[in-house]
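Let's take a friendly walk through a protein model, looking at how some of its helices and strands are arranged.

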Amino acid sequence: VHVILRHKLLSLLVILSVVFLSVGNVTADMISYTARTDKFELMWNNAEDSERYYMSTDIKAYACGLTTSEFIFFARVVEGEGADSDADITDKVLVAATVLNRINCSSWPPTTVMGTLQRPGQFEVVDQETGECHCARSLDSEWAIVIAYRMVANNELDCHMVYYNAIGFTGYSRSMTDYAYFGGNYFSCIPCDCAHCTATEPDWHEEDVEMLTDLIYRPDGVGPNYF
């Protein structure tokens, strides 16, 4: 009996030790993650856009609520689909905003960045078989995502802009409403009565859509940085 009890006690101690160590490791990881994200937030909130533009990919991803791998893939798609311009980054911002509008709109499943970007037949630069995008990202494409998140959050772009004819194709889609043309991409709006679109623009009517003409620029003092 004593031997059995001794073995049971030893087993219990081993289990408790494993649990204690596991909890300790999780706590350490959580502390490390919290410290890192707090640092990111402090750096981001105390900087100007001209400084944020050059911040690491990790920080920009955090600012957009994305993982670094999601943000990198997103930036590659934006770089490949958007046009390069020495003067502005309008086309790349609108490409990114189109993706975000699709994520927000329940008419365009799925609702994740990767799911939306890898949806078959949607983005020319994403391999339809492997789901990979081999375009190199740039500081311009990374910053375009940051600005797109900002503009979508502030409702500065029509939330119904969920489609564009990519570079290499010409003209707007006849079944959609013309919205913008920059750098070779034709952006269009589609009527939608999902909860998000209705709440965002409750008085939206297709016939009231106005063409977007304002250019979107890099931060002051920042030159073009594209591949």
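Helices α5 and α7 are oblique to each other. Please keep in mind that this is a predicted model. The oblique label follows because the axes of α5 (residues 90–104) and α7 cross at roughly 50 degrees, and angles from 65 to 115 would count as roughly perpendicular, while those under 35 would count as roughly parallel. The crossing of α5 and α7 is right-handed.

Which residues bring these two helices together? On the α5 side they are Lys92, Val93, Ala96, Ala97, Leu100, Asn101 and Asn104, and they meet a set in α7 that includes Asp140, Ala144, Ile147, Ala148, Met151 and Val152. Sorted by character, the residues of the contact of α5 with α7 give 11 nonpolar, three polar and two charged.

Now turn to another partner of α7. Helix α4 (residues 68–81) crosses α7 (residues 139–153) at roughly 105 degrees, with axes that come within 8 Å. That angle makes α4 roughly perpendicular to α7. From α4, the contact uses Phe71, Phe74, Ala75, Val78 and Glu79, and from α7 it uses Ser141, Glu142, Ala144, Ile145, Val146 and Tyr149. Here the residues divide into eight nonpolar, one polar and two charged.

In general, two packed helices are described by the angle between their axes and the distance between the axes. The table puts those values side by side.

| Helix pair | Axes come within | Crossing angle |
|---|---|---|
| α4 and α7 | 8 Å | roughly 105 degrees |
| α5 and α7 | 8 Å | roughly 50 degrees |

Next, the strands. Is strand β3 (residues 185–189) enclosed or open? Five of its five residues are buried, so β3 is largely enclosed by the rest of the structure. Its side chains go two ways: Asn185, Phe187 and Cys189 point to one side, Tyr186 and Ser188 to the other, and all are buried.

Strand β3 has pairing partners too. With strand β1 (residues 161–165), β3 pairs in the antiparallel sense over four bridges. One bridge to look for links Asn165 with Tyr186 in β3. Strand β2 (residues 177–182) also runs antiparallel to β3, and five bridges join them. Along this pairing, Thr177 stands opposite Cys189 of β3.

Finally, look at the turn from β2 to β3. The hairpin of β2 and β3 has two residues between the strands, and Gly183 takes a positive phi near 65 degrees there.

Terms used
Residues are numbered from 1 along each chain as its sequence is written. This is a predicted model: local features need pLDDT of at least 70, side-chain atom pairs count only at pLDDT 80 or more; totals for chains, interfaces and linings use all residues. Side-chain values use heavy atoms; hydrogens and water are left out. Axes are lines fitted to C-alpha atoms, for helices over the stretch in contact, and angles run from 0 to 180 degrees between N-to-C directions. Angles under 35 degrees count as roughly parallel, over 145 as roughly antiparallel, 65 to 115 as roughly perpendicular and the rest as oblique. Contact means heavy atoms within 4.5 Å. Ala, Val, Leu, Ile, Met, Phe, Trp, Tyr, Cys and Pro count as nonpolar, Asp, Glu, Lys and Arg as charged, and the others, Gly among them, as polar. A crossing is left-handed if the near helix is turned anticlockwise from the far one by less than a right angle, and right-handed if clockwise. Buried means under 20% relative accessible area, exposed over 50%, partly exposed in between (1.4 Å probe, protein chains only). Two strands pair if DSSP finds at least two bridges between them.
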